[in-house]
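Thanks for coming, everyone. Let me put the structure up, and then we'll walk through it piece by piece.

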Amino acid sequence: MTQRSTAAAARKFRRERLIGRYLVNPAVGLLDRIGIRSSMIAELETIGAKSGQPRRVPVTVSIDDEGAWLISQHGHRAGWARNIAANPQVRLRQGKRWYTGTAAFVPDDNVAARARTFARGHAAESATAWTIKALESDPISVRITFTAA
């Protein structure tokens, strides 16, 4: 990545972080509290790399029988990604169900193809992939392998 594209990615990350922190995350939390949920949205709980305290953030997720796929749209710069790098043990809540697992970055995964798997139905695949692409700065796939609860 060139110095110019690195600076652009950093600016995009800062802008998206503000939007997420002050608009999207509170909106998802409010919808969750009033009972409106999406199968694509889950709550990821990590342990803060600096604080050692549990941290929760809404994430887009695709869950299967063995685990879940997430995309860290800002690579290792995202707070939850830094937390995973420090401690890969995580919890994931979808609806009322909690899953426990171990997270790992999958740098060789095709993020664009992975984003299409998050959609529920063929018609939504392009829109889902486009939305994730528009919000990313340095994406990387993350695989959570579930452990026995």
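Let's start with one pair: in β4, E43 has R93 as its bridge partner. Before going on, a word on what you're looking at: this is a predicted model, where local features need pLDDT of at least 70 and side-chain atom pairs count only at pLDDT 80 or more, while totals for chains, interfaces and linings use all residues. Residues are numbered from 1 along each chain as its sequence is written, and side-chain values use heavy atoms, with hydrogens and water left out.

When I say helix or strand, I mean DSSP runs, numbered from the N terminus: H or I over at least four residues for helices, E over at least two for strands. Two strands pair if DSSP finds at least two bridges between them.

So, back to R93: across from this residue in β5 stands W98. β4 and β5 run antiparallel, joined by six bridges. They form a hairpin with two residues in between, and G95 in that turn has a positive phi of about 65 degrees. On the other side, β1 and β4 pair in the antiparallel sense over three bridges.

Now β1 and β2. Seven bridges join these antiparallel strands, and I47 sits opposite P54 in β2. Their hairpin has six residues between the strands, with G52 taking a positive phi near 75 degrees. Next, a hairpin of three residues leads from β2 to β3. Three bridges hold that antiparallel pair together, and S62 stands opposite W69 in β3.

What do the strands make together? A closed barrel of six, in the order β1-β2-β3-β6-β5-β4, with antiparallel pairing. From one strand to the next, the twist averages 45 degrees.

Then there's helix α2, residues 79-86, which lies across β1, β2, β3, β4, β5 and β6, at about 50 degrees to β1. Those angles run from 0 to 180 degrees between N-to-C directions, with axes as lines fitted to C-alpha atoms, for helices over the stretch in contact. Contact here means heavy atoms within 4.5 Å.

Which residues of α2 are buried? W80, A81, N83 and I84. Seen down the helix axis, they fall within an arc of 160 degrees, so they line one face of α2; the arc is that of the directions from the axis to the C-beta atoms. The face turned away carries the exposed residues A85 and A86. For the cut-offs, buried is under 20% relative accessible area, exposed is over 50%, and partly exposed is in between, with a 1.4 Å probe and protein chains only.

On to the nonpolar cores: sets of buried Ala, Val, Leu, Ile, Met, Phe, Trp, Tyr and Cys residues joined through side-chain atoms within 4.5 Å. The largest has 18 residues, and L44, V59, L70, W80, L92 and I144 touch the most other members. Two or more residues come from each of β1, β2, β3, α2, β4, β5 and β6. Apart from this core lies another of five residues, including W69 and I71.

Last stop, S72, in strand β3. Is S72 buried or exposed? Buried, with a relative accessible area of 0%. The S72 side chain reaches the backbone oxygen of G75 at 2.6 Å. Leaving aside neighbours within four places in sequence, S72 is in contact with residues including W80, A81 and I140.

Terms used:
A polar contact is a pair of N or O atoms within 3.5 Å; within protein, one must be able to donate a hydrogen and the other to accept it, and residues adjacent in sequence count only if both atoms are side-chain atoms.
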